[in-house]
Amino acid sequence: MSNRFYENPVIKWIEYRLPIFHFIDESVGSGYPTPKNLNYWWNFGSLAGIVLVIMIASGIVLAMNYTPHVDYAFESVERIMRDVNYGWLIRYIHMNGGSMFFIVIYIHIFRGLYYGSFKEPRELLWILGVLILLTMMATAFMGYVLPWGQQSFWAATVITNLFSAIPVIGEAIVTWLWGGFTVGNPTLNRFFAFHYLLPFVLIGLVFVHLWALHVHKSNNPVGIDIKGPQDTIPFHPYYTMKDLFGLGVFMVFFMFFVFFAPNIFGEPDNYIKANPLVTPAHIVPEWYFLPSYAILRAVPEIGFISAKLGGVIAMFGSTLILMLLPWLDRSPVRSARFRPIYKQFFWVFVVDCIILGWVGANTPDAVFHGVPFLWIGRVATVYYFAHFLVLIPLINILEKPKPLPDSISASVTEDGGATEAAE
Amino acid sequence: MTDTVDTDDKTRRDFLLLSTMAVGAVGSGLAAWPFIDVMNPAADTLALSTTEVDLAPIEEGMSITVVWRGKPVFIRHRTTAEIKEAGAVPLDDLIDPEADKGRAQKPQWLIIVGICTHLGCIPLGQKSNDPKGEFGGWFCPCHGSHYDTSGRIRKGPAPKNLVVPAYQYLTDTTIRIG
Ligand code: HEM
Ligand code: FES
């Protein structure tokens, strides 16, 4: 921000008492130095933040017209769709916004995996990210229950029942979660309360995530540290503009679904009101939970651990293992650009996650060209964990990284940034 | 000040500090309990806990579903063949070994909670045209659990037999569940 701005008497008066303009400037303004070589994969963090704002704005308006009661919830959502002014639009934004949120966050996470953004000194930043993911998952799951359709009800039943796998106290925990003997009115009510609360918890987590980010600044495509001013450009106007441009492209993508394919991510069954006595023939979770669902169903009984408990442990473990990654991957080189072996296994891992999603969308007894999905799921699950626990440590030993550039600046300018440094 | 006075003072302070912390911890724990227990089933939810059923209209080979505590309860008027089949299975063949005799007060009436012990779906098999699984009882479509004519788990991911609720015969043909 220019000095003239700070000379304005009103700004001066406020700034003296609460240096908020400085704070903003140093967070997302010209006072925040950013690596000058960030590519478009670095757009997804700010996109995620904007999607969170869109979800809260659309959610609050929905809440004004929504009734969290088993007898009225489904009807109140239908009323939003038919009678409330622009209710259909707001609901489609919120419904598809959930999917967009996960698309953006998954890309954001894989970006971190590829460029080694989870490594020292960004371990806490990464762990906070995993907590954000878990909170998002809980929020989306409880939101999906609110319209009280068939999928809502049965998703709630199946997922809450996972906790009954906990030895001894499992059943008591499930009754406690339900507030009754099945998923019912008390369950719907509390899910609404939590669905309203958790996005604000997310804001808190995002704040701490960004706080940690600003201590050591963004990682970058070559994965080496900022060595001096020649390696950076100010966040504003360079990245504010780039983020805005990315937002425009993203909104075209998002609005395509809202206006032309609003139900493509959903299940038609959810337009049938919840019936506690009839389970739909196929229960599938939302697409963003499919890999987890495949892992849940892949685990057989192992020794004294039942298939149910084993599945639950593996499912939660598959997300929690991300938190250990900074200590599993000890290679000092961050970016996969300079890690020839890791780079290939990164892509195999991406494919493995997609396969898990595909398995999750099919019934376990279904068969693909003679191979049961159950077995595809088992192999993909074993590979998922092996990637973290076996392959990554092995690659650390076997891989010889390519030589790193001298500096961020040297990697993007022909003369290694000498001209700029001289200026 | 002598050493004795000094340590004396220190232990007294430590004692005060520790006991204050202990009381504080117990107090916070007690204050947290209402916030946890408030989420357990309320008194009116608990009050809905019995259901009476007249069995007379159910013909042999037929099943009905009644609701108890919001859960479906399957009542099957079993045929002699089904009872024999259930009784003949060696316990060693079972995932959750339980004799059929222990699961039905009167062998012709099987009364079980119709909730799959895997993750809570409602198994199919109540209607005559439903799939009944490989063991002639019920089949859960969610993740493929097969139950036999005694409602015992025989194949698939469910760990336990379908639960037999507490019930008693009020007359020869009426029962109270719960
Ligand atoms: C992290 C942000 C959020 C996510 C991921 C999320 C996700 C979801 C999802 C997946 C649904 C089901 C949509 C459907 O099938 O109809 C839903 C419904 C709902 N959400 Fe959210 N939500 C978020 C934030 C909020 C907030 C902040 C509020 C309110 C203040 C809110 C209020 C509602 C309401 C009232 C419904 C039920 C109406 C409906 O089903 O369309 N949501 N949410
Ligand atoms: S809920 Fe019945 S098999 Fe999973």
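Start by selecting A:His195: in this predicted model, the residue is buried, with a relative accessible area of 16%. Buried here means under 20%, so A:His195 makes the cut. Keep it highlighted, since the tour begins right beside it.

**Stop 1: the iron**

Now show ligand 1 and pick out its iron atom. Which residues coordinate the iron atom of ligand 1? They are A:His94 and A:His195, each using its NE2 atom, at 1.9 Å. Look at where the two histidines come from: A:His94 sits in helix H6 (residues 87–115) of chain A, while A:His195 sits in helix H10 (residues 185–216) of chain A. They are 101 residues apart, so the pair links distant parts of the chain.

Click on A:His94 next. Is A:His94 buried or exposed? It counts as buried, at 17% relative accessibility.

Turn the view around the metal and try to spot the geometry. The iron atom of ligand 1 has six donor atoms, with angles of 88 to 179° among them, and its site is octahedral. For comparison, the ideal angles for six octahedral donors are 90 or 180 degrees.

**Stop 2: the shell around ligand 1**

Leave ligand 1 on screen and bring up the residues around it. There are 24 of them, and those that come nearest are A:Arg91, A:His94, A:Met95, A:His195 and A:Tyr196.

Go through some of these one at a time:

- Select A:Arg91: an N or O atom in its side chain is 2.7 Å from an oxygen atom of ligand 1.
- Select A:His94 again: a polar side-chain atom of this residue lies 2.8 Å from a nitrogen atom of ligand 1.
- Select A:His195 again: here too, a polar side-chain atom lies 2.8 Å from a nitrogen atom of ligand 1.

Now colour the helices. Four elements of chain A give two or more residues each to the shell around ligand 1: helix H4 (44–63), H6, helix H7 (123–145) and H10. Which element gives the largest share of this shell? That is H4(A), with seven residues.

Try colouring the shell by residue class as well. You should find 18 nonpolar, five polar and one charged residues around ligand 1.

**Stop 3: unusual backbone spots**

Hide the ligand and switch to the backbone. Most residues other than glycine have a negative phi, and most peptide bonds are trans. The next few picks go the other way.

Select A:Glu120 and A:Pro121 together. A cis peptide bond joins them, with omega at about 5°. You'll find A:Pro121 in the loop between H6 and H7 of chain A.

Then jump to A:His236 and A:Pro237, where a cis peptide bond has an omega of about 10°. A:Pro237 is found in helix H11 (residues 235–260) of chain A.

For phi, pick A:Trp148. Its phi is near 55°, a positive value in a residue other than glycine. A:Trp148 has its place in the loop between H7 and helix H8 (150–161) of chain A. Is A:Trp148 buried or exposed? It is buried, with a relative accessible area of 5%.

One more of this kind: A:Lys217 is not a glycine, yet it has a positive phi of about 65°. Look for A:Lys217 in the loop between H10 and strand S2 (232–234) of chain A.

**Stop 4: sequence distance and space**

Get your distance tool ready and work with C-alpha atoms.

Select A:Thr34, in strand S1 (residues 33–35) of chain A. A:Thr34 is buried, at a relative accessible area of 1%. Draw a line from its C-alpha to that of A:Pro234: the two residues are 200 residues apart along the chain, but these atoms are separated by 5.8 Å.

Now try A:Tyr6, found in helix H1 (residues 3–7) of chain A and buried, with a relative accessible area of 16%. How far apart in space are A:Tyr6 and A:Phe245? They are 29 Å apart, C-alpha to C-alpha, and 239 residues apart in sequence.

Last in this set is A:Ile355, in helix H14 (residues 340–360) of chain A. A:Ile355 is partly exposed, at 28% relative accessible area. Its C-alpha is separated by 9.3 Å from that of A:Ala294, 61 residues away along the chain.

**Stop 5: confidence**

Finish by colouring chain B by pLDDT. Its mean is 89, and 96% of its residues reach 70 or more. Within chain B, confidence is lowest in helix H2 (residues 43–47), at a mean of 84, and highest in strand S4 (residues 109–113), at 95. For the complex, the predictor gives an ipTM of 0.78 and a pTM of 0.89.

Conventions. Residues numbered from 1 in each chain as written. Chains lettered and ligands numbered in written order. Predicted model: local features only at pLDDT ≥ 70, side-chain atom pairs only at ≥ 80, totals over all residues. Heavy atoms only, no water. pLDDT = per-residue confidence, 0-100. Donors = N, O, S within 2.8 Å, 3.2 Å for Na, K, Ca; no water. Tetrahedral: all angles 85-135°; square planar, octahedral: opposite > 155°, others 65-115°. Buried < 20%, exposed > 50% of the residue type's maximum accessible area, 1.4 Å probe, protein only. Near = heavy atom within 4 Å. Polar contact = N/O pair within 3.5 Å; in protein donor to acceptor, adjacent residues only side chain to side chain. Nonpolar A, V, L, I, M, F, W, Y, C, P; charged D, E, K, R; others polar.
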